[in-house]
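Okay everyone, thanks for having me. I'd like to walk you through one small corner of a protein today, so let me put it on the screen.

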Amino acid sequence: MAHVCGAIVRRCALHPSRKNLNARYGLDPTQLADRARISDVATLIGNTMSKSLFGLGITALILSVASVSGQQLGTVEQARAMLDRAISALKSNEATALSEFNDPNNKQFHERDLYVFCYDISDGKITAYESPALLNIDVRTLALQDDPIGKRAYDAIENAPEGSIVTIDYKFPKPGTTEPVPKQTLETRIGNQACGVTSYK
């Protein structure tokens, strides 16, 4: 989400309807960006082309945050290690694990630009994400331009055996840049929770 995503996009500003974000999530848009210390933060914008598909006409774009441009990025190996820790946490206690995934101060699940995202397979609702703005949003409605990345992620894991790891490839600019480069999401399912970690290749 991610953390998952996949089309050529450019860094863009928050949608002009900032008051709506503040009213809905209790966050000023600048606070939303400041709280995202990783490379991807989500903001909701209207998409008139997809109103019939998404009901409210909302699509989610993942933005590159310039504030992390000087930060060392996590590796694929570190992403896999984080996902392994997430799997262990979920197997131990799902509610506690999700709380830890949503805690930006928990360094086990928030390191460099890496973080754990999760959603419920039964309804697609996001249960853990770096940006609180996407909690409870149906992952299948997330898109990057014309790439339905959220649905791709959901479809890839929906019928996969529990505990298996699936990969979703896409391109996205590194923080502070506009040139899309390869990224990859490692995703698994534990019970009803589908969780993943995204990193640059």
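Let's start with the sulfurs: the torsion about the S-S bond of Cys-118 and Cys-195 is about 110 degrees, so this disulfide is right-handed. Keep in mind that what you see is a predicted model. If the word is new to you, a disulfide is a covalent bond between the sulfur atoms of two cysteines. Here the sulfur atoms of Cys-118 and Cys-195 sit 2.0 Å apart. And how many disulfides does a search of the whole structure find? Just one.

So where are the two cysteines along the chain? Cys-118 belongs to strand E4, residues 114-120, and Cys-195 belongs to strand E8, residues 193-200. They are 77 residues apart, so the pair links distant parts of the chain.

Next one: is Cys-118 buried or exposed? Buried, with a relative accessible area of 0%. Cys-195 is buried too, at 1%. For both, the cut-off to remember is that buried means under 20%.

Now let's look at E8 as a whole. Eight of its eight residues are buried, so the strand is largely enclosed by the rest of the structure. You can check that one face at a time. On one side you have Gln-193, Cys-195, Val-197 and Ser-199, and on the other Ala-194, Gly-196, Thr-198 and Tyr-200, and all of them are buried.

What does E8 pair with? One partner is E4, which runs antiparallel to E8 and is joined to it by five bridges. As an example, Asp-120 has Gln-193 in E8 as its bridge partner. So E4 and E8 are joined by those bridges, and the disulfide of Cys-118 and Cys-195 links these two strands as well.

Another partner is E7, also antiparallel to E8, and here there are eight bridges. In this pairing, Leu-186 has Val-197 in E8 as its bridge partner. E7 and E8 form a hairpin with two residues between the strands, and in that hairpin Gly-191 takes a positive phi near 65 degrees.

One last detail, this time between side chains. Thr-185 is in strand E7, residues 180-190, and it is buried, with a relative accessible area of 0%. Which residue does its side chain touch through a polar contact of 2.7 Å? That would be Thr-198, one of the buried residues we just met in E8.

That's my tour, thanks for listening!

How values were computed. Residues numbered from 1 in each chain as written. Predicted model: local features only at pLDDT ≥ 70, side-chain atom pairs only at ≥ 80, totals over all residues. Heavy atoms only, no water. Disulfide = S-S within 2.5 Å. Helix = DSSP H or I, 4+ residues; strand = E, 2+ residues; numbered from the N terminus. Buried < 20%, exposed > 50% of the residue type's maximum accessible area, 1.4 Å probe, protein only. Polar contact = N/O pair within 3.5 Å; in protein donor to acceptor, adjacent residues only side chain to side chain. Pairing = 2+ DSSP bridges.
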